[in-house]
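Please find below some notes on the model, set out as numbered points. They go from the chain as a whole to the ligand shell, and then to single helices and residues.

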Amino acid sequence: MTITTSVTTMLGIKHPLVQGGMMWVGRPELVAAISNAGGLGMLTALIWPTAEDLREQIAHTRALTDKPFGVNLTLLPVGRAPDYPALRKVIVESGIRIVETAGHSPHEHIADLKAHGVTVIHKCTSVRHALSAQKMGADIVTIDGFECAGHPGEDDVGGIVLIPAAVDALSIPVLGCGGFADGRGLAAALALGAQGITMGTRFCATVEAPIHDAVKQVILSNDERDTRLILRGFKNTARVAYTSVSAKVVELSARPDVDFEMLRPYVAGEHGRRALETGDITQGLVWASQAQGLIHDVPTCADLIARMMAQAEAVMRGNAGLIG
Ligand SMILES: Cc1cc2nc3c(=O)[nH]c(=O)nc-3n(C[C@H](O)[C@H](O)[C@H](O)COP(=O)(O)O)c2cc1C
């Protein structure tokens, strides 16, 4: 039994499993491993400093897989904007057929990508934004529940409600996202009306994830309580793993005299990159979700995806009681 959904058909993939864009992590090796295993890997555009670097990384990924993969274009609300038109041009010129957009004001990006025949998956955290994305022409919406790593938005609605609410409101397919880590979760998302799931944290704890093994061990030893919400006061909430750095950011944020500039040394992306690369998690923030409570090993992407599909299929055949 394979699980065919409108999303597997639209994206030309075997399994309804998508990797969400991940800063510093969504590199060719991981993307190709996920796509080769029948899911959809997502090369993460903002990892590289220029659009031409992205062009090289797309070519590199193509050398590692002949299966479909996508590119994540994260739309940053603050700071110096990347050269988005140049990035879109490279994406289109390189023949990328699938883009995951995420973040603020996606209109011009969705319009431009759609005009070039790209299938756009827009990731957002509320039904309101999902409806806007649908109106803008997005083909698929990924709805990211409060459990998720990264930016859960400001509404604090978990996936168990948010996914069916989005399915009810939209006429385009929905991918569930946030807190998923195994086949039970996939089956649950499908039962809620989603056409598949998108995962981040689970893919960080795989053999092919290009991060230090010590960080993978942090994900394994943390449980579902071990995340912190940071930057709430700036209406730019992010969920990260509980570490000494995230504890410090939460503590500083509670002080009335602390502004964003004072937090920058802790939250700036370069620090997170160092933590992921060196394994020294005192260097910066590690983004991870409540799914940490469901992650107990570091399999290859192929083993993880095969296991998830077998488990989801067993649940859907009515054998849920046999799943430990
Ligand atoms: C290390 C890490 C980095 C991430 N970076 C980004 C990013 O740059 N852009 C983005 O749209 N989402 C980013 N995300 C969010 C994921 O794409 C996805 O929405 C989220 O991880 C889903 O929740 P989960 O971790 O419970 O699966 C990141 C997640 C992780 C774990």
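1. Ligand shell, composition. This is a predicted model, and the ligand is a good place to begin. The shell around the ligand holds 13 nonpolar, 11 polar and 4 charged residues. Of the 28 residues around the ligand, those that come nearest are Gly20, Ala102, Gly200, Thr201 and Ser289. Two elements, β3 (69-75) and α9 (201-204), give two or more residues to this shell. The element that gives the most is α9, with 3 residues.

2. Ligand shell, position. Where does the ligand lie with respect to domain 1 and domain 2? Both domain 1 (6-210 + 296-322) and domain 2 (213-290) give residues to the shell, so the ligand lies between them.

3. Domains. The assignment splits the protein chain into domain 1, made of 6-210 + 296-322, and domain 2, made of 213-290. Their C-alpha centres are 23 Å apart. Contacts between the two involve 20 residues of domain 1 and 16 residues of domain 2. On the side of domain 1 that touches domain 2, the residues divide into 11 nonpolar, 7 polar and 2 charged.

4. Overall form. The protein chain has 14 helices and 10 strands. Its C-alpha atoms fill a box of roughly 55 × 45 × 40 Å along the principal axes. The radius of gyration is 18 Å, which agrees with the value near 20 Å that a compact globule of 324 residues would have. Buried residues account for 48% of the 324 residues. Of the contacts between residues at least 6 apart in sequence, 62% join residues at least 24 apart.

5. Helix α4. In α4 (residues 84-93), the buried residues are Leu87, Arg88, Val90 and Ile91. Seen down the axis of α4, these buried residues fall within an arc of 160°, so they line one face of the helix. An α-helix has 3.6 residues a turn, so residues three or four places apart point the same way. Arg88 deserves a look in the display, as a charged residue listed among the buried residues of α4. The buried residues of α4 pack against α3 (51-64), β3, β4 (98-103) and α5 (107-115). One of these partners, β3, is also among the elements that give two or more residues to the ligand shell. Exposed residues Pro85 and Glu93 sit on the face of α4 turned away from its buried side. Just after α4, Gly95 has a positive phi of about 80°.

6. Helix α7. Which residues of helix α7 (residues 159-169) are buried? They are Gly159, Leu162, Ile163, Ala166 and Val167. Viewed down the axis of α7, they fall within an arc of 130°, so they line one face of the helix. The elements covering them include α6 (127-136), β6 (140-144), β7 (174-177) and α8 (183-191).

7. Positive phi at Asp156. Most residues other than glycine have a negative phi. Asp156 has a phi near 60°, a positive value in a residue other than glycine. Asp156 is placed in the loop between β6 and α7. Is Asp156 buried or exposed? Asp156 counts as exposed because it has 11 C-beta neighbours inside 10 Å, where the limit for exposed is 12 or fewer.

8. Positive phi at Leu231. Phi of Leu231 is likewise positive, near 60°, and Leu231 is not a glycine. Leu231 belongs to the loop between β9 (227-230) and β10 (238-241). With 17 other C-beta atoms within 10 Å, Leu231 is partly exposed. The backbone at Asp156 and at Leu231 may be inspected together.

9. Ser246. This residue is in helix α11 (residues 244-253). Ser246 counts as buried because it has 26 C-beta neighbours inside 10 Å, where 20 or more are needed. Beyond its neighbours within four places in sequence, Ser246 is in contact with Arg228, Ile230, Val240, Ala241 and Leu285. Among these contacts, Arg228 and Ile230 fall in β9 (227-230), while Val240 and Ala241 fall in β10 (238-241). The C-alpha atom of Ser246 is separated by 41 Å from that of Gly117, 129 residues away along the chain.

Methods. Residues are numbered from 1 along each chain as its sequence is written. This is a predicted model: local features need pLDDT of at least 70, side-chain atom pairs count only at pLDDT 80 or more; totals for chains, interfaces and linings use all residues. Helices (H or I, at least four residues) and strands (E, at least two) are DSSP runs, numbered from the N terminus. The arc is that of the directions from the helix axis to the C-beta atoms. Two residues are in contact if their C-beta atoms, placed from the backbone, lie within 7 Å. A residue is near a molecule or strand if its C-beta atom, placed from the backbone, lies within 6 Å of it. Domain bounds come from an automatic or database domain assignment. The radius of gyration is taken over C-alpha atoms; the globule rule is 2.2 Å times the number of residues to the power 0.38.
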